[in-house]
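Biologist: I'd like a close look at one part of this predicted model, its pocket space. Please take me through it step by step, and then show me how it fits in with the rest of the chain.

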Amino acid sequence: MKIDKALEEEIQALGDDHIMTSYDTPLRKDAFELSDEDKIASIKKDVAHIMETLGLDMTDDSLKGTPNRVAKMFVNEIFGGLHPDRKPKASTFDNKYKYNEMLVEKNIVVYSTCEHHLLPIVGRAHIAYISNGTVVGLSKMNRVVDYYAKRPQVQERLTIQVVKELQKVLGTEDVACVIDAKHLCVNSRGIRDIESSTVTAEFGGKFKNEKTRLEFLDYIKLDTKF
C-alpha cells in the first residue's frame, strides 16, 4: 500500500508529538480470538519478512532463530499485558491495624514499549494511596505497573491506567502515581537526546489537595539505601 507524502508526514508527526488517543489501550474486538501459539506463528513469518526485506541472510546461524525469538517475546513477554487473563489477581485485606496515613511504594521498575516506534520505555513508578478501610499487598502495586507496562504504551496512559486500577481494587479515589522514564524513541532516534526523561503524574481524590500532593512528592525524594 502506497502512502502519499502528506499522509506520511502526518503519521510521523503523530508519533513524534507523543499523542495519546484513548485512556484504554486501543484493541480490536477480535484481539484474543487467535491463540498465543497462532499469534507466535504469524508474527514469526512477519519478522522473517522484515529481516529478509532489509537484506539479511536468514540462513546465517546467528539470525535464523531470531523471528521465532522475537515472536515469542512479543506475545509472552513485552506485550503479555495485553491479554486480560494475565491481569494480576486482587489481594486486598481489611485495614485492621487502622493505618490511616499515606502509604507509598516508590522506585517500582518500569519496562514498557512506545506504541509509536516500538522502542523501549525504561524508568521508575511511584505510587501512593490512603486507605478507606482496605489495604493491598505491597507486591500488588508492582504487579499492576508491570501488567499495564507490558503492552504498546504511551506514558500518560500507563500512569492513568495504574491509578484507575488501584482505585478500583482499593475502593477509593485516593490514589496517586508519578512515573519518570526514558524513551528510546527520543534517546536513540530522532533528536537522540540521551539525557532527557519524561515525567507524568495522575492524582486522585485527596491527592488533588496541594498539601497531600506535596507530602507524596516529598516522600519519593527520600534516598533509600540498604
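Modeller: Happy to. A pocket here is an open set of grid points with protein on both sides within 12 Å along at least five of seven lines, and a lining residue has an atom within 4 Å of a point. By that rule, the second largest pocket holds about 260 Å³ of space. It is lined by 15 residues, and Met 73, Ile 78, Ser 112, Thr 113 and Pro 120 are the closest to its centre. Helix H3, strand E2 (102-114), strand E3 (120-130) and helix H4 (138-149) each give two or more residues to this lining. H3 has the largest share, with 4 residues. You can place the central residues on these elements: Ser 112 and Thr 113 fall within E2, while Pro 120 begins E3. As for chemistry, 10 of the lining residues are nonpolar, 2 are polar and 3 are charged.

Now compare the largest pocket, which contains about 650 Å³. Its lining counts 25 residues, and those nearest the centre are Lys 39, Ile 43, Phe 74, Phe 79 and Leu 82. Two elements give two or more residues here, helix H2 (36-53) and helix H3 (66-78). H2 gives the most, 6 residues. Lys 39 and Ile 43 fall within H2, and Phe 74 falls within H3. The lining of this largest pocket divides into 14 nonpolar, 3 polar and 8 charged residues. H3 is therefore a good element to follow by eye, because it gives two or more residues to the lining of the largest pocket and also to that of the second largest.

Two of the residues nearest the centre of the largest pocket, Phe 74 and Phe 79, are worth a closer look. Rings count as a pair if their centres lie within 6.5 Å, and the model has 4 aromatic pairs on that rule. Phe 74 and Phe 79 make one of them, a tilted pair with 5.0 Å from centre to centre and 55° between the planes. The two rings differ in exposure: Phe 74 is partly exposed, at 22% relative accessible area, whereas Phe 79 is buried, at 10%. The cut-off for buried is under 20%, so Phe 79 meets it and Phe 74 does not.

Another aromatic pair, Phe 203 with Phe 216, is edge-to-face, at 6.5 Å centre to centre and 80° between the planes. Phe 203 is in strand E7 (residues 198-203) and Phe 216 is in helix H7 (residues 210-219), so this pair ties together parts 13 residues apart in sequence. Both rings are buried: Phe 203 has a relative accessible area of 19%, and Phe 216 has 0%. Together with Phe 207 they form one aromatic cluster. Phe 203 has a charged partner too, as Arg 213 lies over the face of its ring, 5.6 Å from the ring centre. A similar arrangement is found at Tyr 147, where the charged end of Arg 151 sits over the ring, 5.0 Å from its centre. Tyr 147 also falls within the residue range of H4, one of the elements that line the second largest pocket.

Back to strand E2, which also helps to line the second largest pocket. Most residues other than glycine have a negative phi. Asn 107, found in E2, goes against that, with a positive phi near 60°. Asn 107 counts as partly exposed, at 36% relative accessibility. Lys 98 is another case, with a positive phi of about 55°. Lys 98 belongs to the loop between strand E1 (92-94) and E2, and is exposed, with a relative accessible area of 61%.

Finally, the wider setting. The chain has 7 helices and 7 strands, in the order α-α-α-β-β-β-β-α-β-α-β-α-β-α from the N terminus. Its C-alpha trace spans about 65 × 40 × 35 Å along the principal axes. Of its 226 residues, 37% count as buried. Among contacts with a separation of 6 or more, 70% are between residues 24 or more positions apart.

Key:
Residues are numbered from 1 along each chain as its sequence is written. This is a predicted model: local features need pLDDT of at least 70, side-chain atom pairs count only at pLDDT 80 or more; totals for chains, interfaces and linings use all residues. Side-chain values use heavy atoms; hydrogens and water are left out. On a 1 Å grid over the protein atoms alone, a cavity is a set of points where a 1.4 Å probe fits but cannot get out, and a pocket is an open set with protein on both sides within 12 Å along at least five of seven lines; lining residues have an atom within 4 Å of a point. Grid points are joined across faces, edges and corners, and a volume is the space filled by probe spheres set on the points. Ala, Val, Leu, Ile, Met, Phe, Trp, Tyr, Cys and Pro count as nonpolar, Asp, Glu, Lys and Arg as charged, and the others, Gly among them, as polar. Buried means under 20% relative accessible area, exposed over 50%, partly exposed in between (1.4 Å probe, protein chains only). Rings of Phe, Tyr and Trp (its six-membered ring) pair if their centres lie within 6.5 Å; planes under 30 degrees apart count as stacked, over 60 as edge-to-face and the rest as tilted. A charge sits over a ring if NZ of Lys or CZ of Arg is within 6 Å of the ring centre and within 35 degrees of the ring normal. Contact means heavy atoms within 4.5 Å.
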